[in-house]
Amino acid sequence: MSQKENFGRSARGFLARLQNLRIRNAPDAPAVAVRDPWPGDPSRGARLVKAELEYCGAVLSLSRTVFQSVNATPAMRAHAHGFTWLRDLRALGTDAARSRARAYVSAYMDTETPDAIATAPDVCGARLAAWLGHYDFFAASADDDFRQRLMSRLVMDARNLSASLPAEMLDGRALTALKGLAAASVAMPDHVGHLARMLKFLVPELSRQILSDGCHVERSPAAHLTALQDLTEIRALLQAGNTEPPSALVGAIESAACAMRALRHGDGGLALFNGSKEDLGSLIDLVLAQAGRSRGTIAYLGESGLYRLSTGKALLFMDAGAPPPAGQDRRAHAGALSFEFSVGKERLIVNCGAAPASSGAWHDALRSTAAHSTLAIADVSSSELRDSGLGRRPTQMRAERLEAGGAQWIEANHDGWGQLFGAIHHRRLGLFESGDELQGEDLIEAAQPQPFTIRFHLHPSVTASLQQDNETVLLRTPGGQGFRLRALGAPVSIEESVYFGQNEPRRAEQVVLTGHQDGPQHVKWSITRV
């Protein structure tokens with residue numbers, strides 16, 4: 001950010017603080033009712049009544065000092081201060097849930113020095129939208145003092161948020177910040193007149209966040225779902241405020257909904273690329289219903305490089321796109337040319353998923369190349385993993401979709417190990433018309449032969465048995481489907497794996513092909529229905 005932009009942001013923040021010192025006539029209640037449109041989980045709501053906040057497989061104790069300082073990951077702290085979990089208390093719907101919601105909001109307002117993460121634009125935006133979206137649930141029946149404190153705090157936070165724009169975050173969090181300002185501006189138009197300012201930043205943000213193929217810039221199905229939720233909420237808020245949504249917003253929602261349909265397995269859940277979990281198919285259905293009609297499902301997302309092949313009941317996903325640039329790569333994994341494969345509603349080959357919100361230990365492990373169904377050279381990831389994103393990464397990635405020999409093919413390569421080993425990984429995947437056979441080839445192009453492993457992570461519901469030839473593995477799904485995985489050019493073994501595609505981690509297995517430095521650098525393999 002330039003010195004001029006920094007000065008402007010500081011000046012706006014100072015003026016907002018001056019205005020906040022003079023708040024004397026905050027509104028008694030929202031002038032326009034807004035409602036959070038997403039379902040909560042009553043079981044999580046029951047845990048909240050017991051002062052336990054569950055998020056992404058982690059649990060945080062909501063003690064009296066939780067909004068001041070807690071020993072938790074940034075993701076968990078942001079979630080706690082964003083208050084989107086109010087929908088879980090609303091889903092529970094008891095008097096105890098209502099009282100707890102009011103008590104938590106009151107505790108936050110009473111915290112003199114909240115965690116610094118609470119003032120981040122996206123966290124502030126999430127909290128504004130959550131408090132206003134659940135006002136009828138926890139605040140409408142409260143006493144006058146609570147409601148006056150709440151409305152004053154909403155006005156203050158909205159002014160501070162407006163002063164902080166444009167958001168420094170280049171990823172999807174900027175949309176959450178804009179959503180919060182839209183909610184406050186629509187609900188309190190006489191006290192937070194920032195709708196025009198929100199719209200000023202929204203349109204250029206859309207062109208930066210939503211790629212030409214409709215995919216979100218972070219190339220993560222999970223980030224894409226969140227972005228689509230935010231965009232549909234912004235549109236609904238504008239309509240509630242009798243403001244015509246910009247045509248760019250309408251178009252972005254339509255194209256993002258089309259891409260969302262392309263990122264789902266047959267069971268309705270998400271493909272597990274770049275920090276994604278399966279997520280609830282019912283939630284995705286609801287988001288798509290809120291988004292409205294789209295143009296259907298596309299075969300691949302050209303600009304993002306997320307390919308989708310479908311024939312019969314078989315579905316193949318492949319990540320053959322370059323990682324997002326710095327500033328937009330917070331979720332990026334080192335999963336170049338990884339793939340997932342499902343038949344009907346049963347997942348067969350998967351990636352390992354996303355780390356729980358409580359665990360820094362799992363964070364890098366699940367981002368590594370070894371946690372993906374792809375090839376790794378010398379146990380080194382294809383991109384360098386950093387806390388804020390990626391360091392070293394592929395500089396050249398090429399992919400092409402073809403049809404030949406009764407099959408759909410993806411041919412791709414990348415140079416993620418070029419700086420270290422002077423190596424290029426070539427991968428060719430072909431799905432045949434019947435959907436009963438998937439063929440693959442992996443080739444390392446390098447001046448010096450390299451040791452490598454090719455991993456096929458199995459969904460935890462799949463059982464595997466190695467055959468006596470040490471070239472074949474029989475796979476069996478819970479529904480009774482059988483498949484034969486066979487490799488030529490590298491010995492086959494079965495090893496332990498772990499699956500973080502759902503809320504709780506699960507034990508799983510992986511089929512591993514091991515190539516030695518003095519052995520072939522070209523492996524052919526197939527997965528065939530038996």
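These exercises walk through a predicted model, each with a worked solution.

Local features need pLDDT of at least 70 and side-chain atom pairs count only at pLDDT 80 or more, while totals for chains, interfaces and linings use all residues. Residues are numbered from 1 along each chain as its sequence is written, and side-chain values use heavy atoms, with hydrogens and water left out.

**Exercise 1. The cores**

Task: Find the residues with the most contacts inside the largest nonpolar core.

Solution:
- Step 1. Fix the term. A nonpolar core is a set of buried Ala, Val, Leu, Ile, Met, Phe, Trp, Tyr and Cys residues joined through side-chain atoms within 4.5 Å. Buried means under 20% relative accessible area, exposed over 50%, and partly exposed in between (1.4 Å probe, protein chains only).
- Step 2. Name the residues. The largest core has 87 residues, and F83, W131, F138 and L150 have the most contacts inside it.
- Step 3. Find the main contributor. Helix 9 (residues 173-187) gives the largest share of this core, 10 residues. Helices (H or I, at least four residues) and strands (E, at least two) are DSSP runs, numbered from the N terminus.
- Step 4. Look for another core. Apart from the largest one lies a core of 41 residues, including L337, I410, L475 and L513.
- Step 5. Add the background. In soluble globular proteins, nonpolar side chains tend to be buried together.

**Exercise 2. F83 and W131**

Task: Place F83 and list what F83 and W131 touch.

Solution:
- Step 1. Locate F83. The loop between helix 3 and helix 4 (86-92) holds F83.
- Step 2. Check the backbone. F83 comes just after helix 3 and takes a positive phi of about 60 degrees.
- Step 3. Check exposure. F83 has a relative accessible area of 0%, so F83 is buried.
- Step 4. List contacts (heavy atoms within 4.5 Å). Not counting residues up to four places away in sequence, F83 touches F67, Y104, V105, Y108, R127, A130 and W131.
- Step 5. Turn to W131. Leaving aside neighbours within four places in sequence, W131 is in contact with F83, L86, V105, Y108, M109, F138, L150, R153 and L154.

**Exercise 3. Helix 3 against helix 6**

Task: Describe how helix 3 and helix 6 pack.

Solution:
- Step 1. Take helix 6 (residues 121-133) alone. Helix 6 has 13 residues and reaches 18 Å from its first C-alpha to its last. That is close to the 18 Å expected at 1.5 Å a residue; the expected span is 1.5 Å times one less than the number of residues.
- Step 2. Check its burial. In helix 6, 13 of the 13 residues are buried, so the helix is largely enclosed by the rest of the structure.
- Step 3. Take helix 3 (residues 74-82). Its buried residues are M76, R77, H79, A80, H81 and G82. Their cover includes strand 1 (52-55), strand 2 (58-61), helix 5 (95-110) and helix 6.
- Step 4. Set the geometry. Helix 3 and helix 6 pack at an angle of about 35 degrees, with axes 8 Å apart. Axes are lines fitted to C-alpha atoms, for helices over the stretch in contact, and angles run from 0 to 180 degrees between N-to-C directions.
- Step 5. Name the contacts. A78, H81 and G82 in helix 3 meet V123, A126, R127 and A130 in helix 6. By class, this contact has 4 nonpolar, 2 polar and 1 charged residues. Ala, Val, Leu, Ile, Met, Phe, Trp, Tyr, Cys and Pro count as nonpolar, Asp, Glu, Lys and Arg as charged, and the others, Gly among them, as polar.

**Exercise 4. Helix 10 against helix 12**

Task: Give the geometry and residue classes of this helix pair.

Solution:
- Step 1. Helix 10 (residues 195-209) and helix 12 (residues 247-262) pack at about 35 degrees, with axes 9 Å apart.
- Step 2. L202, V203 and L206 in helix 10 meet A248, L249 and A252 in helix 12.
- Step 3. The classes are 6 nonpolar, no polar and no charged.

**Exercise 5. Loop residues**

Task: Place P166, N242, A378 and K345 in their loops.

Solution:
- Step 1. P166 lies between helix 8 (144-164) and helix 9. A cis peptide bond joins L165 and P166, with omega about 0 degrees.
- Step 2. N242 lies between helix 11 (221-240) and helix 12. N242 is not a glycine, yet has a positive phi of about 55 degrees. Its relative accessibility is 75%, so N242 counts as exposed.
- Step 3. A378 lies between strand 8 (375-377) and strand 9 (385-386). A378 counts as partly exposed, at 31% relative accessibility.
- Step 4. K345 lies between strand 6 (339-343) and strand 7 (346-350). K345 counts as exposed, at 68%. Leaving aside neighbours within four places in sequence, K345 is in contact with G266 and D267.
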